[in-house]
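Biologist: I would like to go through this structure with you, one question at a time. Please keep the answers short.

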There are 2 protein chains.
Amino acid sequence: MTTRWLSPDEQRAWRAYIAASLLLEDTIDRQLQQEAGMPHLYYSILANLSETPERRLRMTDLAEGLKITRPRLTYAVARLEKDGLVRRESCQWDKRGSVAVLTDEGMAVLERAAPGHVETVRAALIDRLTPEQVRQLEEIFTSVTEGLLGEEGASGEMPWRRRSSPSCS
Amino acid sequence: MTTRWLSPDEQRAWRAYIAASLLLEDTIDRQLQQEAGMPHLYYSILANLSETPERRLRMTDLAEGLKITRPRLTYAVARLEKDGLVRRESCQWDKRGSVAVLTDEGMAVLERAAPGHVETVRAALIDRLTPEQVRQLEEIFTSVTEGLLGEEGASGEMPWRRRSSPSCS
DNA sequence: TAGGTTTGCTTCAAACTTGAACCAAGCCCC
DNA sequence: GGGGCTTGGTTCAAGTTTGAAGCAAACCTA
């Protein structure tokens, strides 16, 4: 089958996306690195933990929520633990499991960093869009995520997807 | 000034974007790594070079076009050079400068990899969108790029922006 | 035209990411 | 209840990215 190349419109859209997403991630990483001493992903880990009732999450659930591989999470949590922002406990019900818990210090760091982060996200993205565009953004990328998570097993098993399991609180 | 937190709509849009962009980059990196033995960025370097009349570009122009820092480009080109896909020449008019040139082998690798890459981009993104959404995507991210490149100097000088210079062909 | 600044690019060490093992705990099932 | 498979998580080596220096060529400007 002969390749369906991208049309000029599609090219432009794809390239605009690539360029902007690189710039955006760089901007956010830089801002958080400056103000909180950690890259975006690490901030997101703290943020995710802070949103659960007990401020704790199993490693696998965390990795799945963040859409990252498990080795990557292990490394990141190790660093956060070394900094005292997260603590690791082993899961009682499943002795293989381990649980990341947000410490008070981690919560404090998160709260200190949040305003600057939100401000950056607004300045770089959200405040540049109309409410209509915000809606479009959500729709487009929700559909992309569904597509990428849905097709698993078809070609190239993705390492993220995991069945859910008790939070082990 | 009290922080303007993200509204629920904005939250959802932001998170949808973050999740999808991670999945998307992972998918594309994995596909290119498999079929071309290189990550997306390295493929983009080859692609950018292939689009110039002489298949050559100054390092700085390349970095600016790709929205990456120069050390990152230096490293990447070094690897591509080691693989014989790119050659480095020094610029005649400006002896500080150096120019990356796509070799025939590099061109061949690029052409071999392109169909699979386009197929992946379509499957993961483009073909999941309506033409209208493709247009929206372009508009949204073009505006983001303009915003991020425009504000330079305001806060935190970005290391990409460089005045243009002769291609040194 | 000497001296200081800027520009183009590389180098370096430290941090991060990746994919492939690896290990131990649960599961299955005869 | 002893193999064999799966699952949850870590470890390891190799590759990549980052930011801060470093270095030399070009560009002032007096």
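Biologist: Which kind of oxygen of DNA strand C lies 3.0 Å from a polar side-chain atom of R79(A)?

Modeller: Remember that this model is predicted. A polar contact needs N or O atoms within 3.5 Å. The pair formed by R79(A) and DNA strand C sits at 3.0 Å. On the DNA side, the atom is a phosphate oxygen.

Biologist: What distance separates a polar side-chain atom of R72(A) from a phosphate oxygen of DNA strand C?

Modeller: R72(A) is listed among the closest residues to DNA strand C. R30(B), from the other chain, has a polar side-chain atom 3.0 Å from a phosphate oxygen of that strand. For R72(A), the distance to a phosphate oxygen is 2.8 Å.

Biologist: How many residues surround DNA strand C?

Modeller: Both chains take part: R72(A) is among the closest, and so are T60(B), T74(B), R96(B) and S98(B). Sugar and phosphate make up 73% of the strand C atoms that come within 4 Å of the protein. The number of residues around DNA strand C is 23.

Biologist: Which element gives the largest share of the surface near DNA strand C?

Modeller: By class, this surface has six nonpolar, five polar and 12 charged residues. The largest share is four residues. They come from α4(A).

Biologist: Now DNA strand D. Which residue has a polar side-chain atom 2.8 Å from a base oxygen of that strand?

Modeller: Start with the backbone of the DNA: 72% of the strand D atoms within 4 Å of the protein belong to sugar or phosphate. The rest belong to bases. T74(A) has a polar side-chain atom 2.7 Å from a phosphate oxygen of strand D. The contact with a base oxygen, at 2.8 Å, is made by R96(A).

Biologist: Which element gives the most to the surface near DNA strand D?

Modeller: At least two residues each come from α1 (8–36), α3 (59–66) and α4 of chain A, and from α4 of chain B. In chain B, R79(B) has a polar side-chain atom 3.1 Å from a phosphate oxygen of strand D. With four residues, the top contributor is α4(B).

Biologist: How many charged residues does the surface near DNA strand D have?

Modeller: In total, 22 residues lie around DNA strand D, with R58(A), T60(A), T74(A), R96(A) and S98(A) nearest. Five residues of this surface are nonpolar and five are polar. The charged residues number 12.

Biologist: Let us turn to the two protein chains. About how much area do chain B and chain A bury between them?

Modeller: In this interface, 60 residues of chain B are in contact with 60 residues of chain A. Carbon and sulfur atoms carry 67% of the buried area. The total is about 5800 Å².

Biologist: Which three residues supply 11% of the area that chain B buries against chain A?

Modeller: This 11% is more than any other three residues supply. The trio is W14(B), L23(B) and I140(B).

Biologist: How many salt bridges cross the interface of chain B and chain A?

Modeller: Take one pair: the side chains of E10(A) and R122(B) meet in a salt bridge, with N to O at 3.0 Å. Across the whole interface, the count of salt bridges is eight.

Biologist: Which element supplies the largest share of the side of chain B that touches chain A?

Modeller: Polar contacts link 14 residue pairs between the chains. On the chain B side, α1, α5 (104–124) and α6 (131–150) each supply at least two residues. The largest share, 19 residues, comes from α1(B).

Notes
Residues numbered from 1 in each chain as written. Chains lettered and ligands numbered in written order. Predicted model: local features only at pLDDT ≥ 70, side-chain atom pairs only at ≥ 80, totals over all residues. Heavy atoms only, no water. Near = heavy atom within 4 Å. Polar contact = N/O pair within 3.5 Å; in protein donor to acceptor, adjacent residues only side chain to side chain. Nonpolar A, V, L, I, M, F, W, Y, C, P; charged D, E, K, R; others polar. Contact = heavy atoms within 4.5 Å. Buried area = accessible area lost by both parts, 1.4 Å probe. Salt bridge = Lys/Arg side-chain N within 4 Å of Asp/Glu carboxyl O.
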